[in-house]
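Grab the model, turn on the sequence panel and work through these exercises. Try each task before you read its solution.

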Amino acid sequence: MNTFSLPKTQHLVVFQEVIRSGSIGAGAKALGLTQPAVSKIIGDMESYFGSELIVRRNTGVSLTEAGQVFLNWSEAITREMKNMVNEMNALTNSAVVDVSFGFPSLVGFTFMSEMVHQFKMTFPKARVSMYEAQLSAFLPAIRDGRLDFAIGTLSDEMKLQDLHVEPLFESEFVLVANRARIGNGTVRLASLQHEQWVLPETNMGYYSELLTTLQRSGIRRENIVNTDSVVTIYNLVLNADFLTVIPAT
């Protein structure tokens with residue numbers, strides 16, 4: 001390994017995109033490069049380290065042990081370089097800082113507007129990119145530097161030891177129904193076995209745990225509709241007598 005000539009940053013980005021896309025061809029297309037050019041970059045990296053980084057198959061590529069180590073370090077390097085650029089740019093009045101973050105639908109309907117307004121008042125030249133999904137969907141993008149942070153509800157199954165977690169607030173969960181259906185007294189889940197439910201589409205986090213709780217109370221999976229659209233959730237609750245569960249913000 002040549003200790004005086006370090007790998008180029010662009011080569012790190014190319015390698016990450018190939019792994020993210022699943023193949024050299026798909027990675028080349030995403031980057032706007034030719035497939036031979038991307039193949040040469042990967043080959044140059046393997047020659048530099050004297051080790052095979054990916055296994056090439058007709059169905060795509062997979063990481064070798066050395067490739068996984070290289071991917072972890074390359075993601076950390078590009079993430080820190082992005083932070084360096086933003087911090088250096090912040091020192092000049094003419095600089096434009098990029099901020100990218102993710103948030104769940106409910107946040108978009110509650111305090112997101114005020115938060116973004118206050119941020120833009122403080123940093124008027126900042127370029128803000130926002131993406132809507134559940135927190136679990138954002139974790140890979142946070143780790144590889146595509147997102148700066150994400151807002152969401154944590155659960156014990158999420159492995160976050162390598163990330164910084166800043167608690168914002170705690171919230172209880174409430175059952176939501178059409179106003180015309182609201183009754184008096186306490187409602188038990190077991191009494192709602194035959195109702196129709198709508199929940200966000202996610203395989204992790206608190207809604208995964210909630211699904212287990214509902215099923216333990218006798219609510220069948222076929223009575224639960226999943227969607228990634230908060231507008232659809234509200235419409236089904238208001239106009240089709242569905243039930244849902246959301247944090248009580």
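**Exercise 1. Place alanine 248 and find what it touches.**

Step 1: alanine 248 sits in the segment after β9 (244-247), where strands (E, at least two residues) and helices (H or I, at least four) are DSSP runs numbered from the N terminus. This is a predicted model, in which local features need pLDDT of at least 70, side-chain atom pairs count only at pLDDT 80 or more, and totals for chains, interfaces and linings use all residues. Residues are numbered from 1 along each chain as its sequence is written, and side-chain values use heavy atoms, with hydrogens and water left out.

Step 2: with 37% relative accessibility, alanine 248 counts as partly exposed. On this scale, buried means under 20% relative accessible area, exposed means over 50%, and partly exposed is in between (1.4 Å probe, protein chains only).

Step 3: leave aside neighbours within four places in sequence, and alanine 248 is in contact with Ser171, Glu172, Phe173 and Val174; contact means heavy atoms within 4.5 Å. The C-alpha atoms of alanine 248 and glutamate 172 are 5.5 Å apart, although 76 residues separate the two in sequence.

**Exercise 2. Look at the loop that leads into β9: what is the phi of aspartate 241?**

Step 1: aspartate 241 is in the loop between α9 (230-240) and β9.

Step 2: its phi is positive, about 60 degrees, although aspartate 241 is not a glycine.

Step 3: aspartate 241 counts as partly exposed, at 41% relative accessibility.

**Exercise 3. Describe how α1 and α3 pack.**

Step 1: two packed helices are described by the angle between their axes and the distance between the axes. Here the axes of α1 (residues 9-21) and α3 (residues 35-49) come within 10 Å and cross at roughly 110 degrees. The axes are lines fitted to C-alpha atoms, for helices over the stretch in contact, and angles run from 0 to 180 degrees between N-to-C directions.

Step 2: α1 and α3 are therefore roughly perpendicular to each other. The classes are under 35 degrees for roughly parallel, over 145 for roughly antiparallel, 65 to 115 for roughly perpendicular, and oblique for the rest.

Step 3: from α1, His11, Val14, Phe15 and Val18 meet Val38, Ile41, Ile42 and Met45 of α3. Sorted by class, this contact has seven nonpolar residues, one polar and no charged ones. Ala, Val, Leu, Ile, Met, Phe, Trp, Tyr, Cys and Pro count as nonpolar, Asp, Glu, Lys and Arg as charged, and the others, Gly among them, as polar.

**Exercise 4. Trace the largest nonpolar core.**

Step 1: a nonpolar core is a set of buried Ala, Val, Leu, Ile, Met, Phe, Trp, Tyr and Cys residues joined through side-chain atoms within 4.5 Å. The largest one has 15 residues, of which Phe15, Val18, Ile24, Val38, Ile42, Ile54 and Phe70 touch the most other members.

Step 2: α1, α2 (24-31), α3 and α4 each give two or more residues to this core.

Step 3: zoom in on valine 18, which is in contact with Ser23, Ile24, Gly27, Val38, Ile42 and Val61, leaving aside neighbours within four places in sequence. Apart from this core lies another, of nine residues, including Leu199, Leu210, Leu243 and Val245.

**Exercise 5. Is glutamine 16 of α1 buried or exposed?**

Step 1: glutamine 16 is found in helix α1.

Step 2: glutamine 16 has a relative accessible area of 5%, so it is buried.

Step 3: beyond neighbours within four places in sequence, glutamine 16 is in contact with Leu71, Ser74, Glu75, Thr78 and Asp144.

**Exercise 6. Work out the surroundings of α7.**

Step 1: in α7 (residues 135-143), Leu135, Ser136, Phe138, Leu139, Ala141 and Ile142 are buried. These buried residues pack against α4, β3 (98-103), β4 (127-132) and β5 (149-150).

Step 2: take leucine 139, buried at 6% relative accessibility. Not counting residues up to four places away in sequence, leucine 139 touches Leu160 and Leu163.

Step 3: α7 is followed by glycine 145, with a positive phi near 90 degrees.
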